[in-house]
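Please open the model in your viewer, with side chains and nucleic acid both available for display, and follow the selections below in order.

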2 protein chains.
Amino acid sequence: MKSNLYKKKAQIFKALSNPVRLEIIDFLADGEKCVCEIVEKLNYEQPHISKSLIKLKETGLIKDRKEGLNVYYSLKICCMGEFFNCLNKVLEID
Amino acid sequence: MKSNLYKKKAQIFKALSNPVRLEIIDFLADGEKCVCEIVEKLNYEQPHISKSLIKLKETGLIKDRKEGLNVYYSLKICCMGEFFNCLNKVLEID
DNA sequence: TTATAATATTCCATTTTTGGAATATTGTCA
DNA sequence: TGACAATATTCCAAAAATGGAATATTATAA
């Protein structure tokens, strides 16, 4: 069923349709980070960051790795860079 | 202000976060289409299609051209093809 | 075993999105 | 003008997203 694929893609875009989550992805593009680093960098409440990370993970955009008390998150999809570059160009035009 | 850019990008992703709108974009990748063609192809109510098109246009993802009674829509951003291909690969893995 | 640091979860009110149904607008042609 | 075809708009109830606040969980180390 092709419509099912559209639903799955829509889910991915929905996960990306939030400024905080985009900022997280942008930061993760720099490499794996633990939650505390993300909280420190982005200046949002820890629960907010945590919920954002979980949503991104559920959608399959990032993955996590536990090490002691820390949880490290990293990007799972590598094709976003080009797309983001394109979006930047588009947004510059306006 | 960088956070403003994240908001704008989030808006774009929000516009893409709906199966019907994705299906429209997929169809438009084939070239310019008038509303009636889209309605016929996608099998949704005309007002629904119309609202979807307007949302995509507001976000700057598509543009329109009027000719008599018809309104023709076409893609305005060309970098979606690669990104969609990547998403397809990601979705196949699951 | 207790305290603490790191992270996750729950609860909740507010806002936003969704999609159906009815209706309005606009352009064309007889 | 009047009828009709193509498209847009409005209204609305249900569903989903948002983000703050409080709280829970988990692992570690003393």
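Across all chains, this predicted model holds eight salt bridges. Begin by selecting A:Glu32 and A:Arg65, whose side chains meet in a salt bridge with an N to O distance of 2.9 Å. This pair ties together distant parts of the chain, since A:Glu32 sits in the loop between α2 (19–28) and β1 (33–34) of chain A, while A:Arg65 lies in strand β2 (residues 62–67) of chain A, 33 residues apart. A:Glu32 is partly exposed, with a relative accessible area of 36%, and A:Arg65, at 36% relative accessibility, also counts as partly exposed. Now add A:Glu67 to the selection, and you will have a network of salt bridges that links A:Glu32, A:Arg65 and A:Glu67.

Move next to chain B and select B:Arg65 with B:Glu32, where the side chains meet in a salt bridge of 2.8 Å, N to O. Here too distant parts of the chain are linked, with B:Arg65 in strand β2 (residues 62–67) of chain B and B:Glu32 in the loop between α2 (19–28) and β1 (33–34) of chain B, 33 residues apart. B:Arg65 counts as partly exposed at 34% relative accessibility, and B:Glu32 counts as partly exposed at 37%.

While still in chain B, select B:Lys33 and B:Asp30, which form a salt bridge whose closest N and O atoms are 2.9 Å apart. Which partner is buried and which is exposed? B:Lys33 counts as buried because its relative accessibility is 11%, under the 20% cut-off, whereas B:Asp30, at 57%, counts as exposed.

Turn now to the nucleic acid and select DNA strand C together with the 22 residues around it, of which A:Cys36, A:Gln46, A:Ser50, A:Tyr73 and B:Lys51 come nearest. Colour this surface by element, and you will find that α3 (35–42), α4 and β3 (70–75) of chain A, together with α4 of chain B, each supply at least two residues; α4(A) gives the most, with five residues. By class, the surface near DNA strand C has 10 nonpolar, six polar and six charged residues. On the DNA side, 56% of the strand C atoms within 4 Å of the protein belong to sugar or phosphate, and the rest belong to bases.

For individual contacts with strand C, zoom in on A:Val71, where a polar backbone atom is 3.1 Å from a phosphate oxygen, and then on A:Leu69, where a polar backbone atom is 3.5 Å from a sugar or linking oxygen. From the other chain, an N or O atom in the side chain of B:Asn18 is 3.3 Å from a phosphate oxygen of DNA strand C.

Finally, select DNA strand D and the 21 residues around it, of which A:Lys51, B:Cys36, B:Gln46, B:Ser50 and B:Tyr73 come nearest. The largest share of this surface, five residues, comes from α4(B), and by class the surface has 10 nonpolar, six polar and five charged residues. Three phosphate contacts are worth displaying here: a polar side-chain atom of A:Asn18 lies 3.4 Å from a phosphate oxygen of DNA strand D, a polar backbone atom of B:Val35 is 3.3 Å from one, and a backbone N or O atom of B:Val71 lies 3.2 Å from one. Among the atoms of DNA strand D within 4 Å of the protein, 57% belong to sugar or phosphate and the rest to bases.

Terms used. Residues numbered from 1 in each chain as written. Chains lettered and ligands numbered in written order. Predicted model: local features only at pLDDT ≥ 70, side-chain atom pairs only at ≥ 80, totals over all residues. Heavy atoms only, no water. Near = heavy atom within 4 Å. Polar contact = N/O pair within 3.5 Å; in protein donor to acceptor, adjacent residues only side chain to side chain. Helix = DSSP H or I, 4+ residues; strand = E, 2+ residues; numbered from the N terminus. Nonpolar A, V, L, I, M, F, W, Y, C, P; charged D, E, K, R; others polar. Salt bridge = Lys/Arg side-chain N within 4 Å of Asp/Glu carboxyl O. Buried < 20%, exposed > 50% of the residue type's maximum accessible area, 1.4 Å probe, protein only.
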